[in-house]
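Biologist: I've got this one open on my screen and I'd like to go through a single part of it slowly. Could you pick one helix and take me along it, neighbours and all?

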Amino acid sequence: MNEATSRRTRLAAVLAILIGGALGIIGSTQTWLEASIDDGSQVPVAVPGADALAVLAPLSLAALALALALTIVGRVLRYVFAVIAVGLGAGLGWGSFRIASQRPVDAVAGPVTDATGLSGEQGIAGIVSSVTATPWPSVTVAASVLILLGGGIALATAHRWTAAGRKYRTDRAAGPRDSIDSWDDLSRGEDPTS
């Protein structure tokens, strides 16, 4: 694999995880479910993604951070982060798929309790007549597939990625140093006399 292909696979993995995490964050603020309540009210209770799936925002933020970290870490951490990305994608996908397909009453419990004052699984199940899903749980399932895909690409190709850029290296080139090198050291906050 040449250097250009290596860069493209790294970019593909990072972008897939980054886009998946961003979609998850956006989805956490959107309405995922609408619960119709048998209390005489005609207005359904809107349930945002963060209430329907409590781990949505934290897992999505973790995916964003992981994608950015993948751009600078060494070989061993690439594999560790790739495995974590696969785990994040699987967890996010399972939770989102469960809500998209089953529309469980426990996913609407918090907002229904806020709207009615009733709590407890049986009390909420008794008052909720129907739960309808918006497209956002399905969008988040697709986002989790992107995170899984990015993690899979990173896991399969991380050994071929080129090393991080020169500015992240700690080794110094041997050889004579001039006054410009000393000024560069000072601008980085380093002591040029050491």
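Modeller: Here is a walk along helix α4, with its packing partners, its surface and the loop that comes after it. Keep in mind that this is a predicted model, and that every value below was computed from it.

Helix α4 covers residues 75–102. Let's start with valine 76, which sits in α4. Its relative accessibility is 65%, so valine 76 counts as exposed, the cut-off for that label being over 50%. Valine 76 also belongs to a nonpolar patch on the surface, together with Leu77, Val80 and Ile84. Those four residues share about 330 Å² of accessible area. Isoleucine 84 is part of α4 too, but with a relative accessible area of 39% it is classed as partly exposed. If you click on valine 76 again, look across to alanine 158: the two are 82 residues apart along the chain, yet their C-alpha atoms are separated by 8.9 Å.

Further along α4 you come to alanine 90. Alanine 90 is partly exposed, its relative accessible area being 40%. Its C-alpha is 6.8 Å from the C-alpha of leucine 148, although their positions lie 58 residues apart in sequence. Leucine 148 takes us over to helix α7, which spans residues 136–157. The axes of α4 and α7 come within 8 Å and cross at roughly 160 degrees. That angle is over 145 degrees, so α4 runs roughly antiparallel to α7. As for handedness, α4 passes α7 in a left-handed crossing.

Now for another partner. Helix α3, residues 56–70, packs with α4 at an angle of about 155 degrees, and their axes are 10 Å apart. That makes α3 roughly antiparallel to α4, and here too you'll find a left-handed crossing. It's worth following α3 one step on, to helix α1 (residues 3–28). α1 and α3 pack with their axes 8 Å apart, at an angle of about 155 degrees. These two are therefore roughly antiparallel as well, and their crossing is left-handed. Seen from α4, then, you can trace a path through α3 and on to α1, or go over to α7 instead.

Back to α4 and on to its charged contact. Which side chains meet in a salt bridge here? The pair is arginine 98 and aspartate 106, with 2.9 Å from N to O. Side chains of opposite charge can pair when their charged atoms come close. The structure holds one salt bridge, and this is the pair that makes it. Arginine 98 is partly exposed at a relative accessible area of 25%. Aspartate 106 is also partly exposed, with a relative accessibility of 47%.

Last stop: arginine 103, which you'll find in the loop between α4 and α5 (109–116). Have a look at its backbone, where phi is near 45 degrees, a positive value in a residue other than glycine. Arginine 103 has a relative accessibility of 34%, so partly exposed is the right label for it.

To pull it together, you've gone from the nonpolar patch with Val76 and Ile84, past alanine 90 in α4, to the salt bridge of arginine 98 with aspartate 106 and the positive phi of arginine 103.

Technical notes
Residues numbered from 1 in each chain as written. Predicted model: local features only at pLDDT ≥ 70, side-chain atom pairs only at ≥ 80, totals over all residues. Heavy atoms only, no water. Patch = residues over 30% accessible without salt bridge, like charges linked within 9 Å, V, L, I, M, F, W, Y side chains within 5 Å. Areas by Shrake-Rupley, 256 points an atom, 1.4 Å probe, with all protein chains shown as cover. Helix = DSSP H or I, 4+ residues; strand = E, 2+ residues; numbered from the N terminus. Buried < 20%, exposed > 50% of the residue type's maximum accessible area, 1.4 Å probe, protein only. Axes fitted to C-alpha atoms, helices over the stretch in contact; angles between N-to-C directions. Parallel < 35°, antiparallel > 145°, perpendicular 65-115°, else oblique. Left-handed = near helix turned anticlockwise from the far one by under 90°.
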